[in-house]
Structure formats: C-alpha cells, structure tokens
Amino acid sequence: MLALAVVGALGGCATLPNDGTVDITVVNVAAGSATPFESTLVFTLRYQNSMPVPVTITGASHKIYLDGTLAGEALSNTEIPVPQFGDATHEVAAHISNIALGRMVFTAGTQKTLKYEIRSSIYVRRDQRTLHFTQTKSANLDLHGLDNALNGQ
C-alpha cells in the first residue's frame, strides 16, 4: 500500500498525479551495539525512485517488524539524494529489548530467513515541493550475517 501527498506551506496535503513513487526495501540487517537491556539492529534500506526527476529523502520513520514482533522504530533526518529512475541505500538503527531479540532468535531456530514488515513514512523533496509517502511492505530477510554477528563469529 502506497499513498502520495504533497505537504503544503500550511501543513495541508494535496494529491499529485501519480508519475512514480519512492519504494523502500530492507536489504540487510546487522547487529550493532548492545547493553544488558537492549541491542541495536542496523538495517540497510534501499530507496528506489521510479519518478522521472531526482528527489531527496529529507526524513523518514520506519517501524520494523521481524517475524511479527516489533523490532523497533528507526528514525532518520539525513538527506539522501536519489537519482531519477535510480536507487540509494541508507543505514538506520533500531533499538530492541534483549528479551524480544532472544525470543526472535529462538523462534527462528535453525531457519536462516525471517519475515519482515516495514511501515514507513517518508518525506521527499522533489523540485520545490515536499512529498509524503507512506508504505507497508513485507518480504523475507536472510539472517546468516546477523546470526554470525550475534554468535561472535
């Protein structure tokens, strides 16, 4: 599901002709830092611009679910240029309790893939306008790298 709106100067939204979108996928997950209570998961996201003009991602929030469990919310205010009909990758960090992370790893067992769902709200500058995209997407994610990092290999 993908929605498109323009955020006006007064905060209102208007619908634009649909000449493309910004699509987002999770392409990697890696273990980040950890404390006794929580761990950081670093997600690599790919933004794909199917519009005929370059855009700049100006901010985004992503709720990321792994195997039905909320892994965390990742926020970004980094400007990311994305060429027309092109893509760009960006890393974001999400914090998750170690109990929830342990439950996910235990549930995954010997499986080396995990279903993910990402619910994103993305703000994009195109020309002199700000576009707002919302998107929910799910797919499978390969966990070989995360499993090795969590086990210190």
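Two strands count as paired if DSSP finds at least two bridges between them. The exercises below apply this to a predicted model.

**Exercise 1.** Describe how strands E3, E4 and E8 are arranged in their sheet.

Solution.
Step 1. Start with E3 and E4, where E4 covers residues 38-49: ten bridges join these antiparallel strands. One of the bridge partners is Arg46 in E4, which is matched with Thr25.
Step 2. Add the remaining strand. The order is E3-E4-E8, an open sheet of three strands with antiparallel pairing.
Step 3. Look at the edges. E3 (22-34) and E8 (86-97) each have a single partner strand, so each has one side without a neighbour in the sheet.
Step 4. Add the twist, which averages 20 degrees from one strand to the next.

**Exercise 2.** Determine whether Glu38 is buried, partly exposed or exposed, and list its contacts beyond four places in sequence.

Solution.
Step 1. Place the residue: Glu38 belongs to strand E4.
Step 2. Apply the cut-offs: buried is under 20% relative accessible area and exposed is over 50%. Glu38 has 35%, so this residue is partly exposed.
Step 3. List the contacts. Leaving out residues up to four places away in sequence, Glu38 touches His95, Ile96, Ser97 and Asn98.
Step 4. Check a distance. Ala100 is 62 residues from Glu38 along the chain, and their C-alpha atoms are 9.0 Å apart.

**Exercise 3.** Describe the hairpin of E5 and E6.

Solution.
Step 1. Strands E5 (residues 55-66) and E6 (residues 69-76) are antiparallel and pair over seven bridges.
Step 2. Opposite Ile64 is Gly72 in E6.
Step 3. Two residues lie between the strands, and Asp67 has a positive phi near 50 degrees.

Technical notes: Residues are numbered from 1 along each chain as its sequence is written. This is a predicted model: local features need pLDDT of at least 70, side-chain atom pairs count only at pLDDT 80 or more; totals for chains, interfaces and linings use all residues. Side-chain values use heavy atoms; hydrogens and water are left out. Helices (H or I, at least four residues) and strands (E, at least two) are DSSP runs, numbered from the N terminus. Axes are lines fitted to C-alpha atoms, for helices over the stretch in contact, and angles run from 0 to 180 degrees between N-to-C directions. Buried means under 20% relative accessible area, exposed over 50%, partly exposed in between (1.4 Å probe, protein chains only). Contact means heavy atoms within 4.5 Å.
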